[in-house]
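User: I should like to learn how to read a sheet in a protein model. May we work through one example together?

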Amino acid sequence: MEIRVGDVLTCRKKHPCGSDRFEVLRTGMDLRIKCLGCGHEILTPRARLEPRIRKIDRPQ
Ligand SMILES: [Zn+2]
């Protein structure tokens, strides 16, 4: 699965704030993502995040 900086991920699991959309800030073994609902940043291993992704929106 290809994930790039700037992508917006729609996840199966919602953030506690209620939003399920996250912007990718940094990629690698670990991904830094920012919740678009509350702005909270999360660092998560790629292997754990990938199965939770439902959709990737890529800015043109
Ligand atoms: Zn949030």
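User: Which residue in strand 2 does T10 stand opposite?

Analyst: Please note that this model is predicted. As a general idea, strands of a sheet pair through backbone hydrogen bonds, either parallel or antiparallel. Here, T10 stands opposite R21 in strand 2. Strand 1, residues 8–11, and strand 2, residues 21–26, pair in the antiparallel sense over 3 bridges.

User: Which residue in strand 5 does T10 stand opposite?

Analyst: T10 stands opposite K55 in strand 5. Strand 5 covers residues 53–57, and its antiparallel pairing with strand 1 runs over 4 bridges.

User: In what order do the 5 strands of the open sheet lie?

Analyst: The order is 4-3-2-1-5, with antiparallel pairing. Strand 4 (41–45) and strand 5 each have a single partner strand, so one side of each is left without a neighbour in the sheet. On average, neighbouring strands of this sheet are turned by 35° against each other, direction ignored.

User: Which residues form the largest nonpolar core?

Analyst: A general point about side chains helps first: in a regular strand they alternate between the two faces of the sheet. The largest nonpolar core in this model consists of 6 residues, namely L9, F22, L31, I33, C35 and L49. Strand 3, residues 30–35, gives the most to this core, with 3 residues.

User: Which residues does L31 touch, not counting those up to four places away in sequence?

Analyst: With those sequence neighbours set aside, L31 touches I3, V24, R26, T44, R46 and L49. Of these, L49 is also listed with L31 in the largest nonpolar core.

Technical notes: Residues are numbered from 1 along each chain as its sequence is written. This is a predicted model: local features need pLDDT of at least 70, side-chain atom pairs count only at pLDDT 80 or more; totals for chains, interfaces and linings use all residues. Two strands pair if DSSP finds at least two bridges between them. Helices (H or I, at least four residues) and strands (E, at least two) are DSSP runs, numbered from the N terminus. Axes are lines fitted to C-alpha atoms, for helices over the stretch in contact, and angles run from 0 to 180 degrees between N-to-C directions. A nonpolar core is a set of buried Ala, Val, Leu, Ile, Met, Phe, Trp, Tyr and Cys residues joined through C-beta atoms within 7 Å. A residue is buried if 20 or more other C-beta atoms lie within 10 Å of its own, exposed if 12 or fewer, and partly exposed in between; C-beta atoms are placed from the backbone. Two residues are in contact if their C-beta atoms, placed from the backbone, lie within 7 Å.
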